[in-house]
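Please go through the sequence and the model below with this briefing at hand. It begins with one residue and its partners, and then moves on to other contacts, the surface, the overall fold and the confidence of the prediction.

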Amino acid sequence: MRTFIEKKQMSQFPFQGLEDKEISSFTCSVQDESVKQHLNKLKVSNRNFIKEIAVLKSENSKLDTVVKDNVILRNNLDKVNLERLEHGRIIQKIEHELAEHASRTENFEKEIVRLKEENLNLTNARQRLTMEFKNTDMHYNRILNDMEDEIQRLREENVNSRHEIQHLDIKHSNRGVRSTLAICSRGNSQQHHRRGGGYPRR
């Protein structure tokens, strides 16, 4: 027991690790009253220390649970960070695609404006050509009408010319017959004159 006291003199809780029966038997063996009081105080302190140890063990158990939870949370945090990085890359990719899409949209809008301008120019050209075609068609129709009128006039003149030619042919034929008759008549009169009392014979 003396060895025990010597080993526990420097300890704050000299009865740490001893059972209550051992402490009681040790206390009863001490005759000095002051020492007994001191031992009783130490006994109370030892019990409080045991209670604190139990509390600390409970807290340590809770701490282990907290540490485990912390490890799980850290792992989850790492996963979240990885997912966040992946989401960041996806967001950058989407932003890049959106920028390209915006650029393509801007180009499409410019192309639409250009096509609208070309369509307007084509519409104006179509209207202009339509008016020119109508004017040209009217002009050609007038020319065709004039040509038809001229053809009709020439036909009428041709008919009149034929009538005149026929009339002239008939008139010329009548003159030829008259001339022939006159010639024949003169020839007959000369012959009759020769036969009747013409020139004397030699």
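Glu111 counts as partly exposed because its relative accessibility is 33%, where partly exposed denotes the range between buried (under 20% relative accessible area) and exposed (over 50%), with a 1.4 Å probe and protein chains only. Salt bridges with shared partners link Glu111, Arg114 and Glu118 into one network, a salt bridge being a side-chain nitrogen of Lys or Arg within 4 Å of a carboxyl oxygen of Asp or Glu. The model is predicted, so that local features need pLDDT of at least 70 and side-chain atom pairs count only at pLDDT 80 or more, whereas totals for chains, interfaces and linings use all residues. Residues are numbered from 1 along each chain as its sequence is written, and side-chain values use heavy atoms, with hydrogens and water left out.

**Salt bridges in helix H3**

- Eight salt bridges are found when the whole structure is searched.
- Within the network around Glu111, the side chains of Arg114 and Glu111 meet at 2.2 Å, N to O, and both residues lie in helix H3, three residues apart, or about one turn of the helix.
- Arg114, like its partner, falls in the intermediate class, since its relative accessibility of 34% makes it partly exposed.
- Arg104 is bridged to Glu100, with 3.9 Å between the closest N and O atoms; because the two are four residues apart in helix H3, about one helical turn separates Arg104 and Glu100.
- Arg104 is partly exposed because its relative accessibility is 40%, and Glu100 is partly exposed because its relative accessible area is 34%.
- A further salt bridge pairs Lys110 with Glu106, the closest N and O atoms lying 3.8 Å apart; as these residues are four residues apart in helix H3, Lys110 and Glu106 are separated by about one helical turn.
- Lys110 is classed as exposed because its relative accessible area is 52%, whereas Glu106, at 41% relative accessibility, counts as partly exposed.

**Polar contacts**

- The side chains of His96 and Glu100 are joined by a polar contact of 2.7 Å, the term meaning a pair of N or O atoms within 3.5 Å, of which, within protein, one must be able to donate a hydrogen and the other to accept it, while residues adjacent in sequence count only if both atoms are side-chain atoms.
- His96 belongs to helix H3 and is partly exposed because its relative accessible area is 48%.
- Arg153, also found in helix H3, makes a side-chain polar contact of 2.2 Å with the side chain of Glu157, and Arg153 is partly exposed because its relative accessibility is 34%.

**Surface**

- Tyr140, Ile143, Leu144, Met147 and Ile151 make a nonpolar surface patch of about 460 Å²; patches consist of residues with over 30% relative accessible area and no salt bridge, with like charges joined within 9 Å and nonpolar side chains (Val, Leu, Ile, Met, Phe, Trp, Tyr) within 5 Å.
- Ile151, a member of this patch, lies in helix H3 (residues 33-197) and is partly exposed because its relative accessibility is 40%.
- The protein chain exposes about 18400 Å², of which carbon and sulfur atoms supply 55%; accessible areas come from the Shrake-Rupley method with a 1.4 Å probe, and for residues only the protein chains shown count as cover.
- Of the 202 residues in the protein chain, 6% are buried.

**Fold and confidence**

- The protein chain holds three helices and zero strands, in the order α-α-α along the sequence; helices (H or I, at least four residues) and strands (E, at least two) are DSSP runs numbered from the N terminus.
- The mean pLDDT of the protein chain is 77, and 68% of the residues score at least 70, pLDDT being the predictor's confidence in each residue, from 0 to 100.
- Among the elements of the protein chain, helix H1 (residues 2-8) has the lowest mean pLDDT, 41, and H3 the highest, 83.
- Residues 1-19 have pLDDT below 50, and this stretch has 20 contacts in the model beyond near neighbours in sequence, where contact means heavy atoms within 4.5 Å.
- Over residues 198-202 the pLDDT stays under 50, and the model has one contact beyond four places in sequence for them.
- Where pLDDT is low, the predicted coordinates should not be read in detail.
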